[in-house]
Amino acid sequence: FGSKELSSDDSDIEIIEPPLNQILFGPPGTGKTYATINAALEIVDPAFLKENRDDRTALKAKFDELNKSQHIRFVTFHQSFSYEDFVEGLTASLEDGQMRYEIKPGVFLQLCDISHQDSEKRVLIIDEINRGNISKIFGELITLIEPSKRAGAEEALEVTLPYSKKPFNIPGNVYIVGTMNTADRSLAGMDIALRRRFDFKEMPPEPALLDQVAVEGVNLGQLLRIMNERIEILLDRDHCLG
């Protein structure tokens with residue numbers, strides 16, 4: 001986290017800046033993907049989020065607007081997702097009977113290129129981040145996402161991209177928000193190098209949200225508590241129900 005003090009009479013109050021790299025993790029159904037909208041708006045437009053926190057329709061509309069303006073990008077990792085999709089790779093096309101190959105930037109490289117042009121904050125949301133081979137997808141960029149290695153930092157680093165041979169670094173105004181389903185892989189099973197580069201926010205089940213809901217006389221909040229207690233004893237908390 002970063003923080004900065006207010007310059008007003010309330011100088012003892014600190015504004016907590018969102019981390020550059022964060023992952024929302026928890027069992028299935030706890031609203032991780034749902035929460036990425038708030039997480040992204042907290043970075044890009046915190047004033048709007050504060051004014052409309054209880055208006056989901058307004059928040060989603062703002063999110064879609066920022067998505068169209070490329071301030072927010074959304075991608076889902078899966079087993080076939082690759083470095084070429086994320087950073088850059090070669091694409092083939094047939095022209096006049098001849099095969100041609102072009103270097104195509106991936107979603108993260110595109111966002112970084114735009115972010116280098118101004119100081120506006122931009123967010124890449126990676127849904128199901130642990131379903132892809134993270135080490136292969138990020139490649140050498142796993143080092144560059146560290147706050148201390150970003151462009152402009154004292155320990156800033158840059159790499160030469162393998163296809164375009166261009167120098168590349170990650171600007172400090174690019175944020176990464178990932179979601180991780182712990183039923184697929186626990187935090188303990190993640191690469192230590194990756195874990196230390198992200199801030200993790202747990203999103204556990206919230207039975208209290210269902211305490212006022214009953215079906216045929218059965219309180220759903222209490223039912224969810226009992227089921228999750230049983231699952232945690234017999235299996236583990238990572239497989240609880242959201």
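Me: A residue is buried under 20% relative accessible area, exposed over 50% and partly exposed in between (1.4 Å probe, protein chains only). Why, then, is Asp64 called partly exposed?

Reply: The relative accessible area of Asp64 is 30%, which is neither under 20% nor over 50%, so Asp64 is partly exposed. Lys60, at 35%, is placed in the partly exposed class as well, and so is Glu65 at 46%. Lys62, by contrast, has a relative accessible area of 15% and therefore counts as buried.

Me: How do you know which parts of the model can be relied on for such statements?

Reply: This is a predicted model, in which local features need pLDDT of at least 70 and side-chain atom pairs count only at pLDDT 80 or more, whereas totals for chains, interfaces and linings use all residues. Residues are numbered from 1 along each chain as its sequence is written, and side-chain values use heavy atoms, with hydrogens and water left out. The average pLDDT of the chain (the predictor's confidence in each residue, from 0 to 100) is 87, and 90% of the residues score at least 70. Over residues 1-8 the pLDDT is below 50, and this stretch has 20 contacts (heavy atoms within 4.5 Å) in the model beyond near neighbours in sequence.

Me: What makes Asp64 and Lys60 a salt bridge?

Reply: A salt bridge needs a side-chain nitrogen of Lys or Arg within 4 Å of a carboxyl oxygen of Asp or Glu; the N to O distance for Asp64 and Lys60 is 2.8 Å, so the pair meets that limit. The two residues are four apart in helix H3 and are therefore separated by about one helical turn. Helices here are DSSP runs of H or I with at least four residues, strands are runs of E with at least two, and both are numbered from the N terminus.

Me: Why are Asp45, Lys62 and Glu65 described as a network?

Reply: Two salt bridges join these three residues through Lys62, because Asp45 with Lys62 and Lys62 with Glu65 each have an N to O distance of 3.6 Å, within the 4 Å limit. Lys62 and Glu65 are three residues apart in helix H3, which means about one helical turn between them. The pair of Asp45 and Lys62 links distant parts of the chain, 17 residues apart, with Asp45 in the loop between helix H1 (32-44) and helix H2 (46-51) and Lys62 in helix H3 (residues 56-68). A search of the whole structure finds eight salt bridges.

Me: How do you know that strands S3 and S11 pair?

Reply: Pairing requires that DSSP finds at least two bridges between two strands, and strand S3 (residues 21-26) and S11 have four, so they qualify, in the parallel sense. One bridge partnership joins Phe25 to Glu202 in S11.

Me: What makes S4 and S11 edge strands?

Reply: The open sheet has five strands in the order S4-S7-S10-S3-S11, with parallel pairing. Strand S4 (72-76) and strand S11 (199-202) each have a single partner strand, so one side of each has no neighbour in the sheet. Neighbouring strands are turned by 20° against each other on average, direction ignored.

Me: Why is helix H5 said to be largely enclosed?

Reply: Seven of the nine residues of H5 are buried, so the rest of the structure largely encloses this helix; among them are Phe108, Leu111 and Ile114. H5 (residues 107-115) packs on the sheet, touching S4, strand S7 (122-127) and S10, and its direction makes about 170° with that of S7 (axes are lines fitted to C-alpha atoms, for helices over the stretch in contact, with angles from 0 to 180 degrees between N-to-C directions).

Me: What makes Ile176 and Thr179 buried residues?

Reply: Ile176 has 0% relative accessibility and Thr179 has 3%, both under 20%, so both count as buried. Ile176 is found in strand S10 (residues 174-181), and Thr179 also has its place in strand S10. Leaving aside neighbours within four places in sequence, Ile176 is in contact with residues including Phe108, Leu124 and Phe198, while the contacts of Thr179 include Lys32, Thr33 and Asp127.
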